[in-house]
Amino acid sequence: MAVVELWETLKQAIVAYTGLSPAAFFTAVAVAAALYHVVSGLFAAPPPPPPRPREEPETEPLPPPVQMGEVSEEDLRQYDGSDPKKPLLMAIKGQIYDVTQSRMFYGPGGPYALFAGKDASRALAKMSFEPQDLTGDISGLGPFELDALQDWEYKFMSKYVKVGTVKKSVPVEGGSTASTTEADKAPTTEEKPSEAVVEEKEAAANEGAQEN
């Protein structure tokens with residue numbers, strides 16, 4: 001009953017204040033609300049544009065590995081990554097590999113930068129970063145260390161391109177290298193007087209004795 005009385009009171013108020021029937025009043029309210037949404041949509045600010053995806057910097061493609069042939073240990077040090085224009089090289093058991101694609105590991109500032117430009121066989125076998133172990137000399141290593149070095153070699157063979165070998169220098173006493181010449185190769189013989197010359201001298205000596 002209270003709802004019915006409230007509805008009757010509302011209809012009377014609508015008629016008294018607007019002069020419209022309740023149906024006409026609610027229709028006018030609905031039309032006004034629709035017009036408001038249309039007009040507000042026309043003048044509303046456009047939505048912000050979606051964020052642009054981050055553009056990753058383009059990385060230059062790595063040059064193909066260059067075959068170096070036989071390289072001395074001194075020349076190999078020039079490829080330690082200090083010159084970005086040169087390839088990054090590293091050797092294991094005398095075999096040189098191009099590790100430029102892993103510059104983040106073997107280049108300057110990388111965790112294995114000490115191994116670049118060297119034959120680091122002994123250091124890899126012992127997992128050592130001591131300067132005295134940065135050598136290709138693997139004498140005196142134990143079986144477990146040799147197995148670890150073999151694993152490193154298999155990894156390099158499967159991942160990197162072999163570009164050369166390390167030329168071993170053989171030290172000679174006196175700090176110089178041995179060199180042979182044709183004069184050194186030729187045997188030295190002492191000239192001996194022939195028998196004819198000896199006989200002539202003896203004959204001359206006998207004639208002088210007879211005259212006396």
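Helices are DSSP runs of H or I with at least four residues, strands are DSSP runs of E with at least two, and both are numbered from the N terminus. The model shown in these views is predicted.

**View A. The whole chain, with its eight helices and four strands.** Read from the N terminus, the order of elements is α-α-β-α-β-β-α-α-α-β-α-α. The chain has 212 residues, and 21% of them are buried. Its accessible surface is about 16600 Å², with 59% of that area on carbon and sulfur atoms. Among contacts with a separation of 6 or more, 55% join residues that are 24 or more positions apart.

**View B. The open sheet of four strands, in the order β1-β4-β3-β2.** The pairing in this sheet is mixed. Strands β1 (69–72) and β2 each have a single partner strand and stand at the edges, so one side of each has no neighbour in the sheet. On average, and with direction ignored, neighbouring strands are turned by 40° against each other.

**View C. Strand β2, residues 89–92, with both faces covered.** Leu 89 and Ala 91 point to one side of the strand, Met 90 and Ile 92 to the other, and all of these residues are buried. A residue counts as buried when its relative accessible area is under 20%. Although β2 stands at an edge of the sheet, its two faces are both covered. Helix α6 (residues 143–159) lies across β2 and β3. The helix runs at about 135° to β2.

**View D. The hairpin of β2 and β3, with two residues between the strands.** Strand β3 covers residues 95–98 and pairs with β2 in the antiparallel sense, over four bridges. Two of the bridge partners can be followed here: Ala 91 is matched with Ile 96, and Ile 92 with Gln 95. Lys 93 is in the loop between β2 and β3. Its phi is positive, about 55°, although Lys 93 is not a glycine. With a relative accessibility of 35%, Lys 93 counts as partly exposed.

**View E. The stacked aromatic pair of Phe 115 and Phe 129.** The ring centres are 5.4 Å apart, and the planes differ by 10°. Phe 115 belongs to the loop between α4 (103–106) and α5 (121–126), while Phe 129 belongs to the loop between α5 and α6. The two residues are 14 residues apart, and the pair links distant parts of the chain. Which of these residues is buried, with a relative accessible area of 0%? Phe 115 is, whereas Phe 129 is partly exposed at 39%.

**View F. The aromatic cluster that includes Phe 115 and Phe 129.** The structure holds nine aromatic pairs. Ring pairs join Tyr 97, Tyr 106, Tyr 112, Phe 115, Phe 129, Trp 152, Phe 156 and Tyr 160 into a cluster.

**View G. Leu 114 and its contacts with Phe 129 and Leu 134.** Leu 114 lies in the loop between α4 and α5. Which residues does Leu 114 touch, when those up to four places away in sequence are not counted? Phe 129 and Leu 134. The C-alpha atoms of Leu 114 and Leu 134 are separated by 8.0 Å, and the residues are 20 residues apart along the chain. Leu 114 is partly exposed, with a relative accessible area of 42%.

**View H. Met 127 in the loop between α5 and α6.** Met 127 has a positive phi of about 50° and is not a glycine. Its relative accessibility is 42%, so Met 127 counts as partly exposed.

**View I. Pro 143 in helix α6.** At a relative accessibility of 61%, Pro 143 counts as exposed. The C-alpha atoms of Pro 143 and Ala 125 are separated by 10.0 Å, with their positions 18 residues apart along the chain counted as the distance apart.

**View J. Lys 86 over the face of Tyr 79.** Lys 86 lies at 5.6 Å from the centre of the Tyr 79 ring.

Definitions and conventions
Residues are numbered from 1 along each chain as its sequence is written. This is a predicted model: local features need pLDDT of at least 70, side-chain atom pairs count only at pLDDT 80 or more; totals for chains, interfaces and linings use all residues. Side-chain values use heavy atoms; hydrogens and water are left out. Buried means under 20% relative accessible area, exposed over 50%, partly exposed in between (1.4 Å probe, protein chains only). Two strands pair if DSSP finds at least two bridges between them. Axes are lines fitted to C-alpha atoms, for helices over the stretch in contact, and angles run from 0 to 180 degrees between N-to-C directions. Contact means heavy atoms within 4.5 Å. Accessible areas come from the Shrake-Rupley method with a 1.4 Å probe; for residues, only the protein chains shown count as cover. Rings of Phe, Tyr and Trp (its six-membered ring) pair if their centres lie within 6.5 Å; planes under 30 degrees apart count as stacked, over 60 as edge-to-face and the rest as tilted. A charge sits over a ring if NZ of Lys or CZ of Arg is within 6 Å of the ring centre and within 35 degrees of the ring normal.
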